[in-house]
Amino acid sequence: MPERIRININRSCLVNKRNGHYCRSCMMETTSFVPADQIFKLCIEKFNSLPRTGKPTTNEWTVLSCIIQCDSNSKNAKVISLGTGTKCIGSDQLCEKGLILNDSHAEVMARRGFLRYLYASIRNYLSDGSPLAYNEQTGKYSIKNGISFHFFSTHAPCGDATIVSKSTGDEEIEPGTKKMKLSPEFTDNFTGAKLIAANENTDLMSQDEGAIRTKPGRGIRTLSVSCSDKLSRWNILGIQGALINIFLDKPVYFETLTFSGQVSEISVKRALYGRWRKVSFNSERYKLQMPRINICSPDLKFEFEQTTETDPSPASIVWADVQEKPLEVAVSGKRQGVTKSKRNTISGALRISKVWLFHEFVSTLSSQPSLQKSFYPNSDDFHKITYKEAKFCSEEYQSAWNLLKTDYFQNWTKKSEKLLDFKLEDR
Ligand SMILES: [Zn+2]
């Protein structure tokens with residue numbers, strides 16, 4: 001199954017090439033760094049190459065999201081992580097040992113697969129395929145020149161990005177953004193994601209633009225915020241999260257986001273960055289990004305797109321470009337098919353669960369004595385630290401996140417700190 005495609009680089013881009021990236025004005029002139037339809041083809045090919053287990057049946061729909069790595073030197077693009085899914089567990093099922101996945105939406109699955117890919121890339125940074133290089137001066141890792149990361153999804157992220165404004169006139173996010181002509185059957189112009197109530201009289205389903213929401217769904221309400229909100233957080237703090245942040249010189253951002261299906265470019269831009277543009281945020285390391293948004297040709301349709309006749313698939317797939325267990329199927333945040341005796345153990349948990357990603361963090365840091373020393377100067381046995389302690393070592397990340405919660409994400413849900421208090425030896 002082909003996984004790589006040639007990138008057509010517009011000659012005019014090469015004139016304006018800066019620091020291994022393509023300048024924004026130049027990007028606007030080209031069709032795309034990698035054309036949207038080619039991204040679609042690459043991601044669907046990857047999805048089709050995976051076995052049937054965990055994919056929707058003919059009566060079911062799902063969302064497919066992928067992260068793509070492009071290399072402008074070798075002119076190659078490849079999918080490095082893939083996720084499907086539309087489910088989320090209720091607040092009553094949260095796990096204090098980090099064994100169960102709270103959020104199994106495709107975007108989150110793909111991002112967690114990407115975290116596995118980054119850990120593997122740090123540990124194998126000397127291999128040809130690693131997107132990272134070791135920086136002797138900082139003792140950390142940098143993304144190699146010419147490498148960029150891109151996001152693809154077959155659906156607008158749930159929450160704010162699915163609200164299509166009916167008003168006209170001043171909602172243009174930036175000059176040059178074309179208003180999407182919505183086809184008559186484009187009815188998915190509201191979100192089922194719920195507002196985070198200021199008081200008991202607030203209508204949770206009110207379609208206020210730009211608001212933080214929890215994910216849609218029936219049953220006991222989830223504490224997971226919508227994918228629009230998560231993507232918008234990654235668009236400032238980076239996709240790498242607090243733990244991998246420790247290893248990197250700079251945060252990792254998506255250079256482009258591509259969508260197939262009925263997606264409004266204006267709504268995606270608002271959800272991702274437009275709603276925060278007037279708020280100031282002072283951080284040396286983290287900056288609000290304005291990645292390019294690409295919409296695929298309308299005739300390109302994902303086989304399992306949402307329709308009125310189909311139900312959401314209960315399962316999620318996650319695949320990452322790593323050696324060990326690259327593919328897993330999740331149901332209700334747990335590994336599908338896990339035996340009862342293993343259900344509450346680390347060996348029964350998904351590789352993208354908190355506990356396994358924490359395990360990856362500890363073993364990756366163990367392989368970096370100088371970095372380990374700078375974060376744990378007085379600790380001989382840092383294996384005994386809790387997940388929460390590890391997260392809080394990423395001080396710059398945490399202080400930026402606190403600032404964001406004050407100025408941007410005031411209504412972000414609060415989960416019990418108990419959920420972060422586990423150690424690896426608790427398993
Ligand atoms: Zn979602």
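## Around helix α7

In this predicted model, the buried residues of α7 pack against three elements: α5, β12 (254-259) and β13 (292-295). How many of the eight residues of helix α7 are buried? Eight of the eight are, so the helix, spanning residues 265-272, is largely enclosed by the rest of the structure. Charged names appear in that buried set too: among its members are Glu-265, Lys-269 and Arg-270, alongside Ile-266, Val-268 and Leu-272.

## The zinc site

Let's turn to the metal. Which residues coordinate the zinc ion? His-105 does so through ND1, while Cys-158 and Cys-227 each use SG, at 2.1 to 2.4 Å. Along the chain, the donors follow the spacing H-x52-C-x68-C. The two cysteines link distant parts of the chain, 69 residues apart: Cys-158 sits in the loop between β9 (147-153) and β10 (194-195), and Cys-227 belongs to helix α5. Both Cys-158 and Cys-227 are buried.

## Ser-226, just before α5

Where is Ser-226 placed? You will find Ser-226 in the loop between β11 (213-214) and α5 (227-237). Is Ser-226 buried or exposed? Ser-226 counts as buried because its relative accessibility is 0%, and the cut-off for buried is under 20%.

The side chain of Ser-226 makes a polar contact with the side chain of Asp-229, at 2.8 Å. Leaving aside residues up to four places away in sequence, Ser-226 touches Cys-158, one of the zinc donors, as well as Gly-159, Ala-193, Arg-213, Thr-214 and Lys-215.

Conventions. Residues are numbered from 1 along each chain as its sequence is written. This is a predicted model: local features need pLDDT of at least 70, side-chain atom pairs count only at pLDDT 80 or more; totals for chains, interfaces and linings use all residues. Side-chain values use heavy atoms; hydrogens and water are left out. Helices (H or I, at least four residues) and strands (E, at least two) are DSSP runs, numbered from the N terminus. Buried means under 20% relative accessible area, exposed over 50%, partly exposed in between (1.4 Å probe, protein chains only). A polar contact is a pair of N or O atoms within 3.5 Å; within protein, one must be able to donate a hydrogen and the other to accept it, and residues adjacent in sequence count only if both atoms are side-chain atoms. Contact means heavy atoms within 4.5 Å. Donors are N, O and S atoms within 2.8 Å of the metal (3.2 Å for Na, K and Ca); water is not among the atoms, so sites may look incomplete.
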